[in-house]
Amino acid sequence: MPLIQTLSPHLADLIAAGEVVERPASVVKELLENAIDAGASAVIVELRGGGMSLIRVSDNGCGIAPEELPTAFLRHATSKLRAEEDLSAIGTLGFRGEALAAIAAVSHIEIASRRRGGETGARLCLNAGVPGAVEEYGCPEGTAIFVRDLFFNTPARMKFMKKDSAEAAAAAAVVQQTALSHPRISFKLLRDGAEQLYTPGDGKLLSAIYAALGRDFALSLLEAAGRDGPVVAEGYVTKSLQCRGTRSMQHFFVNGRYVKSPLLAAALEEGYKNQMMKGKFPGCVLHLSLPLNEVDVNVHPAKTVVKFLRERAVFDVVYHTVRSALERGGEAPAPDRARNMLPGVSLPAAEKPPVLPEKKEGFYRTMTAGEFRAASAPSAGGRPLGSAPARPAPPPSPAPDAGAGRSGTPGGDLGRFCDIAPVDSGPMVLPLPVPARRYAMAQEAEAKANGPEKAAEAAAQERDMDTEAGRLSCQETLTPEEAPWRIAGEVLRTYIVAEDNEGNVWLIDKHAAHERINFDRLKAMAGPVMGQQLLAPEAVALGPREYAVLLERLPLLNEFGFSAEDFGNGTILCRTCPAELEVSGIAPALEEIAAELLRTGRADPKAARDAILHTMACKAAIKAGMTSDEKELRVLVDKVQRGEIQFCPHGRPVRVKLSGYELEKMFKRA
Ligand code: ADP
Ligand code: MG
C-alpha cells in the first residue's frame with residue numbers, strides 16, 4: 001500500500017468540483033442561484049459553444065466588494081450561513097459556499113463586480129482556481145462572471161460532454177426552470193448571439209410560463225391555489241383534456257427552488273384521478289411555500305431533491321388545490337358536500353390563496369404517504385407511476401382522435417398495417433394512413449395548380465400507392481395443412497379466447513400480440529423508412545430532458561421516418577413522420593421515445609434503436625380495451641398458431657395455454 005497522504009488543496013478542489021460541476025448546465029444553475037441570492041431583478045445568461053467555450057452570467061444584484069472578490073472563490077466561503085442553526089432554515093438558494101470554488105477549479109474565470117452604491121468596481125481573473133490580482137474596474141452595479149474553457153484541465157470530464165446543442169439545451173432548461181421559479185426577475189438567454197428566451201420579470205407567473213414554455217402550454221392551463229395553514233400551493237395546472245404523454249411538463253418549486261419530487265407528482269396526478277385518459281399525465285407549474293424549517297434542501301449536492309417534514313400535509317394541499325382548480329374550471333364535478341364547503345372562490349381577484357375545505361376523514365380520498373410510496377414504486381412491469389396498468393381497461397370512451405372505422409369495419413385498425421391485413425377478405429384496397437392521404441391531397445392540389453400533366457402524374461402516383469396496398473393485403477395466406485384454431489371470442493376487450501386442435505384453450509393478449517408483429521416488421525425493415533410528408537411541419541414542445549435526449553438522436557429519428565430538426569427553445573420540428581402515425585400522434589410518440597431513451601437507451605446505440613422500435617410498435621398496435629373485428633382477431637390467432645409470436649417486445653407473454661387437463665383439474669374432474 002502506498003502512504004496515506006492528505007490531498008493537495010488543488011486536487012481536493014478538482015474532486016469536489018466533480019460533484020457540483022457536472023456540465024455547463026450545472027455552472028449556469030449555480031451562477032443563476034448566486035444572482036438571485038444577490039437580489040437581482042434582471043439577469044442575462046450567454047452561452048457560446050454549448051457553454052463549453054463561454055458561459056456569462058450578468059446580474060444587477062448587490063455586487064461583491066473588491067476586497068471580498070478572492071474570498072468568494074475559496075472553498076466553504078459563503079455569506080449565507082453563519083452558524084449551525086442556520087442550516088435548519090435555509091432561505092437562500094446557495095449555502096454550501098463551494099460553487100464558485102468548484103467552477104473556478106475547472107475553468108478560466110473573469111469576474112467583474114460593483115457593490116450597489118459603490119464608487120467603482122473591481123475585476124479578478126482566475127486560472128484553474130488560482131487568482132490573479134484584484135484590479136479597479138469600471139462596470140455597472142452588480143456582478144458579471146465569465147466562465148471560459150470549461151473542463152480544459154479535466155480531459156476525463158470533457159469526454160463525457162455531449163454535442164454543443166445538447167449541452168446548450170440542458171443549460172437552457174436550467175434558465176427556463178429558474179425563470180419559472182422567479183417571475184419577478186427578468187431573464188434573458190443568448191445562445192451564440194441569438195436570443196433564446198426572455199421573460200419580462202413582471203411578477204406574473206403566467207407571463208413567465210408563456211415566455212418559457214410557450215403559448216400553447218400557457219393556454220392549456222387553469223389557475224390553481226390553495227393553502228392549509230402555513231403550507232401554500234399556487235400556480236397553474238393543465239386542463240384535463242390537455243394532459244400529455246409524459247411528466248415532462250410537471251414543474252414543481254418549493255420555496256422558489258426547482259425540485260423533482262415523486263410525492264408532489266403523485267399528489268398532482270391523484271387530483272386528476274378519473275379525469276384523465278389512461279397513460280396521460282397532467283402538466284403544471286406549481287409553487288409551494290412552507291416554513292423553512294419544514295423542508296430539508298440539504299439532501300443532494302444539486303439541491304433538486306427535498307425532504308418534507310410533514311409529507312402528508314404537503315400531499316393534501318397539492319391534491320386539494322388541484323381538485324378545486326379542476327372543479328372551478330368545470331373540469332371535475334364538485335361533490336355536493338364539497339361545493340357547499342368551498343368558500344366561493346374567484347381566484348384572480350383573491351389576494352390570498354383560498355383556504356381549502358376543511359378535511360374530514362374519508363371525505364376526499366387521498367393517499368397516505370405509505371400508499372403513495374407503494375403506488376410510486378415501479379411495478380413488476382416497470383411502468384411509470386400513474387400510467388395505464390397492465391390489466392383490462394374499463395369500457396373505452398372513444399378517443400377524440402380515434403377516427404372512423406376503428407372497429408367493426410373490415411380491416412379496422414389492423415388494416416392500416418399492410419402486412420397483417422385480414423386473411424380471408426380477399427384483395428382489398430386499404431385506406432391510406434392519414435398523413436399519406438393528406439400528402440396525396442396536397443399533391444393533388446399542387447398538381448391542379450401546375451396543369452393537367454402533373455395532375456395525371458399525381459393520380460398515377462396515388463393509384464400506385466393503392467395497388468401496392470392491395471398487393472400487400474393478400475400476400476398473407478394460411479398454411480393449408482392445419483385447420484385454423486377456433487376463435488371462441490374476446491373477453492375483457494383485451495384477450496382472445498381460442499381453442500386449438502389438440503384440446504387446449506389459448507388466451508391471447510391482443511395488444512401484446514400486435515405490438516410484437518409491428519416490432520418484428522419494423523426491425524426487419526432494411527434501411528431508413530420513408531416518412532410521410534406533412535402538409536405543415538409539426539412543432540413539438542418538449543420538456544428539457546426530453547428535448548436534450550432527442551437532440552442527441554436526431555439522425556436515428558430520421559431513419560425511422562421522422563425528419564426532425566432542432567427548432568430551438570425546447571421545440572423539435574417534424575417535416576415528415578412515420579406512416580403509422582397521425583399528426584396528432586407525433587407529439588405523444590416523440591415524448592414516449594424520449595422517455596424510453598432516458599430510461600434505457602441513453603448511451604448504447606442499439607438500445608436507442610430498440611427504444612424507438614418499442615414506441616413505434618406500441619403506437620401502431622391495437623389497444624387493449626377496444627373491441628376488434630373478428631378478422632383482426634383471426635390474423636393474430638393464426639400468427640400465434642404458427643408460433644410466430646410468443647412474447648411482446650417488452651418480454652411479456654403474448655399467449656397463455658390452458659390444457660384440457662388443467663381445466664379438468666380446476667373443476668376437480670381429473
Ligand atoms: P454560496 O452561494 O453557497 O454561498 P458560492 O461559492 O456560490 O457559495 O458563492 C460564494 C459567495 O460569493 C456567496 O456567498 C456570495 O456572498 C458571493 N457571490 C457569489 N456570486 C455573487 C453574485 N452574483 N452577486 C453577489 N455576491 C455573490
Ligand atoms: Mg452559490
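These questions and answers walk through a predicted model.

User: How many residues does helix H2 have, and what distance does it reach from its first C-alpha to its last?
Analyst: Helix H2 covers residues 24–37, which is 14 residues. At 1.5 Å a residue, the expected reach is 20 Å. The helix comes close to that, with a reach of 20 Å.

User: Why is H2 described as largely enclosed by the rest of the structure?
Analyst: Look at which residues are buried. Among them are Pro 24, Val 27, Leu 31 and Ile 36. Charged residues are on the list too, including Lys 29 and Glu 33. H2 is largely enclosed because the buried residues number 12 of the 14.

User: Which residue with a positive phi follows H2?
Analyst: Check the backbone after the helix. There, a residue has a phi near 80°, a positive value. That residue is Gly 39.

User: In which sense do strands S1 and S8 pair, parallel or antiparallel?
Analyst: S1 spans residues 42–48 and S8 spans residues 186–191. Six bridges join them. One of the bridge partners is Arg 191 in S8, matched with Leu 47. The sense of the pairing is parallel.

User: Which residue in S2 stands opposite Ile 44?
Analyst: S1 also pairs with S2, residues 54–59. This pairing is antiparallel and runs over six bridges. Opposite Ile 44 stands Ser 58.

User: Which residue takes a positive phi in the hairpin of S1 and S2?
Analyst: The hairpin has five residues between its strands. Its positive phi is near 55°. The residue is Gly 49.

User: Are the rings of Trp 485 and Trp 506 stacked or edge-to-face?
Analyst: The structure holds two aromatic pairs. In the pair of Trp 485 and Trp 506, the ring centres are 4.8 Å apart. The planes meet at 25°, which is under the 30 degrees needed. The pair is therefore stacked.

User: How many residues apart are Trp 485 and Trp 506?
Analyst: Trp 485 sits in the loop between helix H14 and strand S17. Trp 506 belongs to strand S19. Both are buried. Along the chain they are 21 residues apart.

User: How many disulfides does a search of the whole structure find?
Analyst: Take Cys 574, which is buried at 0% relative accessibility. Its nearest cysteine sulfur, in Cys 577, is 7.4 Å away. For Cys 618, the nearest is that of Cys 648, at 9.0 Å. A disulfide needs sulfurs within 2.5 Å, and the search finds zero.

User: How far apart in sequence are the parts tied together by Glu 167 and Arg 23?
Analyst: These side chains form a salt bridge of 2.9 Å, N to O. Glu 167 is buried, at 1% relative accessibility. Glu 167 lies in helix H6, while Arg 23 is in the loop between H1 and H2. The parts are 144 residues apart.

User: In the salt bridge of Arg 247 and Glu 269, what is the N to O distance?
Analyst: Arg 247 is in the loop between S11 and S12, and Glu 269 is in helix H9. Arg 247 is partly exposed at 24%. Glu 269 is buried at 9%. Their N to O distance is 2.6 Å.

User: Is Lys 273, the salt-bridge partner of Glu 270, buried or partly exposed?
Analyst: The closest N and O atoms of this pair are 3.9 Å apart. Glu 270 is buried, at 7%. Lys 273 has a relative accessible area of 44%, so Lys 273 is partly exposed.

How values were computed. Residues numbered from 1 in each chain as written. Chains lettered and ligands numbered in written order. Predicted model: local features only at pLDDT ≥ 70, side-chain atom pairs only at ≥ 80, totals over all residues. Heavy atoms only, no water. Helix = DSSP H or I, 4+ residues; strand = E, 2+ residues; numbered from the N terminus. Expected span 1.5 Å × (residues − 1). Buried < 20%, exposed > 50% of the residue type's maximum accessible area, 1.4 Å probe, protein only. Phe/Tyr/Trp six-rings, centres within 6.5 Å; stacked < 30°, edge-to-face > 60°. Pairing = 2+ DSSP bridges. Salt bridge = Lys/Arg side-chain N within 4 Å of Asp/Glu carboxyl O.
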